[in-house]
Amino acid sequence: MNTLNTQVSADRPHIGFFGLRNAGKSSVVNAVTGQSLSLVSEVKGTTTDPVQKAMELLPLGPVVIIDTPGMDDEGELGEMRVHRARQVLGKTDAAVLVVDAARGMQPGDEALKKLFKERKVPYLIALNKCDLLETLPKPGEHELYVSAARGDGIHELKEAIAAIARQPKSERKIVGDLLQPNDIVLLVTPIDSAAPKGRLILPQQQTIRDILDHDAVSMVVQVPQIQTALVALGRKPRLVITDSQAFGQVSRAVPEDIELTSFSILFARYKGQLEQMVRGAAALDHLKDGDTVLISEGCTHHRQCEDIGTVKLPAWINGYTQKRGLQFRFTSGGDFPEDLSGIALAVHCGGCMLNEREIQSRVERAAAAGVPMTNYGVAIAQMHGILRRSLSPFPELAKLLK
């Protein structure tokens, strides 16, 4: 089976290549991947934005490779490129620092190494252009000599990357650990104007697959068909899972004796951040007039008139809190503020398109700034008065609620 097609990008190790301009990052990336992934030139600053690609990297397997701009880029545009490269570090599971072996470690390289250590990112130092040296000094800790031009040391570099990037197999399940064989799960997936044509969104696909992998039965409906489905099933479903934006309607349609949760809540648990998100939801009750709320999505898409992030959530938050002059700040994709000062609450999406390290990086950044964070599903459940019910599959977390 081709594993390239069996693992979503968010679940693959993310390997970032960093360094100063003209150290040969892009050449090393191309040599490691065996592809012309990045543009190569003698002109400094050829790589202007992070270049990212999901691919197969032996001996590791499915990965996401990221080539970044030079971290010593200059000028206002250069600062923006460096900012992008620093953002990449937030989702990097293993870093490769590419250094010009002829020049040796520069202050900028040392700063990067320090940053890797601060962020607790496993790293290697690839001393590139070693073919230009008459003799090779003994490599230091984490160092390997390579020549992207001749291919020297590339095999060893790939083996070393695999050693630091290989992740222990996670025992976490999206929903399968809550099920027994032949259990029935009812999935409520509203098809609105923002839904992709001809397919379900990623968290819905992954949840269905997890249900099937655990020998349970899934039924997929829209909100108006809930009652029809419950009657047709003939027996009570083990669980109902809904899209967050339909939480209120679904809660009214599903009897209280049937457990109910959302895709967003399940994915927060899958990524390991559900407890923080539940704790953060309490901040909705402590917002003040004029406070700023950050609403952040992990993916980018065309905004619709009824967009959940920019339209529905602000309306719900305003209605729930009854505060005057609340300000809303929006980010999407890889953009998440380095500076969270002035933010009273961060509300994040379920993060299905982000890897665990990036989600955790954002949670930690918010915690360091003293900013409570919750996610769409938890926040919506809180505002509809059904958070306790939506946590019924996880009684240990329901105990956190007053």
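Colleague: Why does Cys349 count as buried?

Modeller: This is a predicted model, and in it Cys349 has a relative accessibility of 13%; buried means under 20% relative accessible area, so Cys349 falls on the buried side of that cut-off.

Colleague: What makes Cys130 buried?

Modeller: The relative accessible area of Cys130 is 7%, and because the cut-off for buried is under 20%, Cys130 meets it.

Colleague: How many disulfides does the structure hold?

Modeller: The structure holds 0 disulfides, which means that no pair of cysteine sulfur atoms lies within 2.5 Å.

Colleague: How much of the chain counts as buried, and what does its secondary structure come to?

Modeller: Of the 402 residues in the chain, 52% count as buried, and the secondary structure consists of 14 helices and 14 strands. When contacts between residues at least 6 apart in sequence are taken, 71% of them join residues at least 24 apart.

Colleague: Which residues have the most contacts inside the largest nonpolar core?

Modeller: They are Ile226, Val250, Leu274, Val347 and Leu391, in a core that has 74 residues. Another core, of 25 residues, lies apart from it and includes Ile65, Val98, Ile154 and Leu157.

Colleague: What does Val347 touch, leaving out residues up to four places away in sequence?

Modeller: With those neighbours left out, Val347 touches Val293, Leu294, Ile295, Ser296, Leu313, Ile317, Thr374, Asn375, Tyr376 and Ala379. Among these, Leu313 and Ile317 also belong to the residues of helix 10 that meet helix 12, while Tyr376 is one of the helix 12 residues on the other side of that contact.

Colleague: How do helix 10 and helix 12 pack?

Modeller: Helix 10, residues 308-321, and helix 12, residues 376-383, pack at an angle of about 35° with their axes 10 Å apart, and the crossing is left-handed. On the helix 10 side, Ile308, Gly309, Leu313, Trp316, Ile317 and Tyr320 take part, and they meet Tyr376, Ile380, Gln382 and Met383 of helix 12. Sorted by class, this contact has 8 nonpolar residues, 2 polar ones and no charged ones.

Colleague: Why is helix 12 called largely enclosed by the rest of the structure?

Modeller: Of the 8 residues of helix 12, 8 are buried, and therefore the helix is described as largely enclosed by the rest of the structure. The buried residues are Tyr376, Gly377, Val378, Ala379, Ile380, Ala381, Gln382 and Met383.

Colleague: Which residue with a positive phi follows helix 12?

Modeller: Helix 12 is followed by Gly385, whose phi is near 70°.

Key. Residues are numbered from 1 along each chain as its sequence is written. This is a predicted model: local features need pLDDT of at least 70, side-chain atom pairs count only at pLDDT 80 or more; totals for chains, interfaces and linings use all residues. Side-chain values use heavy atoms; hydrogens and water are left out. Buried means under 20% relative accessible area, exposed over 50%, partly exposed in between (1.4 Å probe, protein chains only). A nonpolar core is a set of buried Ala, Val, Leu, Ile, Met, Phe, Trp, Tyr and Cys residues joined through side-chain atoms within 4.5 Å. Contact means heavy atoms within 4.5 Å. Axes are lines fitted to C-alpha atoms, for helices over the stretch in contact, and angles run from 0 to 180 degrees between N-to-C directions. Helices (H or I, at least four residues) and strands (E, at least two) are DSSP runs, numbered from the N terminus. A crossing is left-handed if the near helix is turned anticlockwise from the far one by less than a right angle, and right-handed if clockwise. Ala, Val, Leu, Ile, Met, Phe, Trp, Tyr, Cys and Pro count as nonpolar, Asp, Glu, Lys and Arg as charged, and the others, Gly among them, as polar.
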